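Me: I am new to this structure. Please take a close look at one part of it, the packing of a pair of helices, and set that part in its surroundings.

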Amino acid sequence: MPLRVKSRAQAQQPEDLRTPSPFAKVRFGVELPNVSSDDTFRIVVKKLSIFIAESVRLPSTFEQLRTTSAGEGLRVLVDHLDRTCTHPAIVNALLALRWHYSSSPVEKSLNDARANACEIVAWRFLSHLSEREAVDYCLYEIPDPNSPDAVTPRTPVDVEEGGVDERSALLAQAWAGTSSTAGSATKLLLTQSGNSKRNLLLESLSRLTQSMTADDDDSEDDDHGKDPTTAFTNLNALEIAAIADAKRFLSQNVVQKIVTGIWNGDIIFWDSLSVYSVKKPRFYNPATADPFSRLRVPKYLKSFEVLFFVIFLALYYAVLVERNPDYITPLESFLYLWLAAFSYDELSEWIDAGSIFYATDVWNIFDMAMIVIGSIFVVLRVVGLATDNEGLVNTAFDILALEALFMVPRVFSILSLSPYWGTLIPCLKEMGKDFIKFMVLVVIIYLGFLTTFSLIARDAYPLGDITWFLTKIFFGSSYVGFDIMRNIDPVFGPPLMMLFIMLSSILLMGSLTGMLSNSFSRVITHAREEYLYVYSVFVLEASTSNRLTHFYPPFNLLALVIFRPLRLFLPSDSKFRSARIVLLKATHLPIVAAIKLYEWVRGTAATGTQYNNFKGPRGHAPPASPGPLKKSSRPSMRARDSASSLRNEHRHQEPLLLQQAFRPLAVPDRMSERAASRQAAEDEAAENDALDHPVTDVEVRIEELASKIDRLTDLVLAMQAQQSQSVTDVSLA
């Protein structure tokens, strides 16, 4: 006989007996940071550092923080920031702290755990956002706290006066401040090397976190009266991630989608080429963007670079085949022209990125070797022709032949952008580092045996012969040692030679093979992260430059020859910049035409890629410039927070039936799912239609809130109906 079950409404518990919210202000004895939208970047870093230092007190690995209870505090922090924080620089602050902890020399294990915690919080926070909001957070640039008017966008008028700021791409903004109030700091930064600049950024964060327990009013100025976070001015979150080696953060899907959008030109920083152009991240709109702005797209920059190197290689082979010892031929003149344009472009790139990040890309080392070899060839060639020295001319061509060791691989460097080939380069790079370290031990042992054998065999073999014999033995020719060991010395020769052969051929070579195998296995597991890191750095260096006019080589020599001398006695005013723009358009018109033809063939010339691949509420385009951190700069974030607060208000005001509706793990029926799918499709279509019909800020917020409330109401009604049906079925049974 079936049991008759009668449902009974549960008595509502008093408010003070309810289960406390998981988003309480204090968890695990640590107060959650209350980050306000109008806090400066310095205050945000201090508040986050207090929580991270208190919640992570034991050394933990990245996986432990991500999957075990050791990272429970991080999950609470992410939920708290998602519900309460609308500060646009929150991701920047987390990544800056990540770099600070990872570079700290004291308590290495504990600080590594805290660095991993900052990185986990950063990418988990992005996972709670829509993709378009993630674009806003990742590309938000930290404003200058000392600027009297931080709302003013950075225009070419602000950046072209200084040589470094005009070309700053990835990190020159960090090395040199762009505001007049930071002039002394700029001069100090420009006089320091790459390592000194890195140390300056570390010192800035160290001063900041050391004073995190002090009162805000007392610690507002450091010992020098300057904000320690000034060095991070005008850096966005992706650039700070590159500085901090946050490779796991950069390898996340949402971050890589942004990087890929920048690579393909879906996200651009310059949409016009005029004197008053403003640099800001935005989605590409072919209807309003200047066609010459496509010259800044990293994909097209790399394509033209490959074409430039192909012509360079053709000229190189032509000059070597011709090899005229009497005079400089026209082909050789073009080779000099290409070498000069290449050298000037690499010098500009080195100034853009700084020595630290210029050396990050292994191909830049090849470029510097090519420049050095080419310069030596030109000098010897000219001196040999001037002095009629045939031997010097032949030596010059022999040195030029060494250029192929670096130029041929450089031409095929495009393969490094492929995931397959790109994962092998970090492995070879790390294996090369381990090989160099191991060779130090080999050289020490080799010098000891070389000294012993040269002194014992002083009457039989000279030092040069002994050196060559031991080198052959080390590289596998063990029979040489057996042939000469009695000639070295009848008594000491055989045992010493047997010992050297066993050390070199068995112990050292076996250890080297095993070490390189372990290095390859260790790196290949993270090769994808390494590849995406190098790829992201290249994209950022090629796209985030403050330079208004970027001349492709060899056209950059025209700007160098024409405008650099004029700067010595003419002011760099708007007319001067207009002349550079005119020259750029005149010289690069065929390249732009080829780019537009390519986009027309692909079908993106008319429709563009605006918002097509990025989901989420449209809101507004990314902020025009790093302005003051106000709530008004993020309408989409406010809408999300308003919706969250509205849901919380509904939870408190709805009767018990509404709370019971959310308790069971019930799923709406298929009719509701199809209705929801149709509604989502209609909303997406309406959103796409609205791209060409912009509305006001208030209308956007009202529409988003109304849509969310309607969907929430429909969901609640559907779940209530299903629960009522379930109760009825049980009663009938």
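Reply: Here is the helix pair, followed by the record's annotation and the model's confidence.

The model is predicted. Two packed helices are described by the angle between their axes and the distance between the axes. Start with the angle. Helix 20 (residues 419–456) packs against helix 23 (residues 493–524) at about 165°. The axes of helix 20 and helix 23 are 9 Å apart. An angle over 145 degrees counts as roughly antiparallel, so helix 20 is roughly antiparallel to helix 23. The crossing of helix 20 past helix 23 is right-handed. What classes of residue make up the contact of helix 20 with helix 23? There are 23 nonpolar residues, four polar and three charged.

Now the record. An unreviewed UniProt entry annotates "transmembrane region" at several spans. Among them are residues 435–454 and residues 496–516. Residues 304–321 and residues 466–484 are also on that list. In the model, residues 304–321 are 100% helix and 0% strand. Their end C-alpha atoms are 26 Å apart. Residues 466–484 are 84% helix and 0% strand. The end C-alpha atoms of that span lie 10 Å apart.

Last, confidence. The protein averages a pLDDT of 74. Of the residues, 68% score at least 70. Residues 1–26 have pLDDT below 50. This stretch has 20 contacts in the model beyond near neighbours in sequence. Residues 148–197 also stay under 50. For residues 148–197 the model has 126 contacts beyond four places in sequence.

Methods: Residues numbered from 1 in each chain as written. Predicted model: local features only at pLDDT ≥ 70, side-chain atom pairs only at ≥ 80, totals over all residues. Heavy atoms only, no water. Axes fitted to C-alpha atoms, helices over the stretch in contact; angles between N-to-C directions. Helix = DSSP H or I, 4+ residues; strand = E, 2+ residues; numbered from the N terminus. Parallel < 35°, antiparallel > 145°, perpendicular 65-115°, else oblique. Left-handed = near helix turned anticlockwise from the far one by under 90°. Nonpolar A, V, L, I, M, F, W, Y, C, P; charged D, E, K, R; others polar. UniProt positions renumbered as here; feature names shortened; annotations may be inferred. pLDDT = per-residue confidence, 0-100. Contact = heavy atoms within 4.5 Å.
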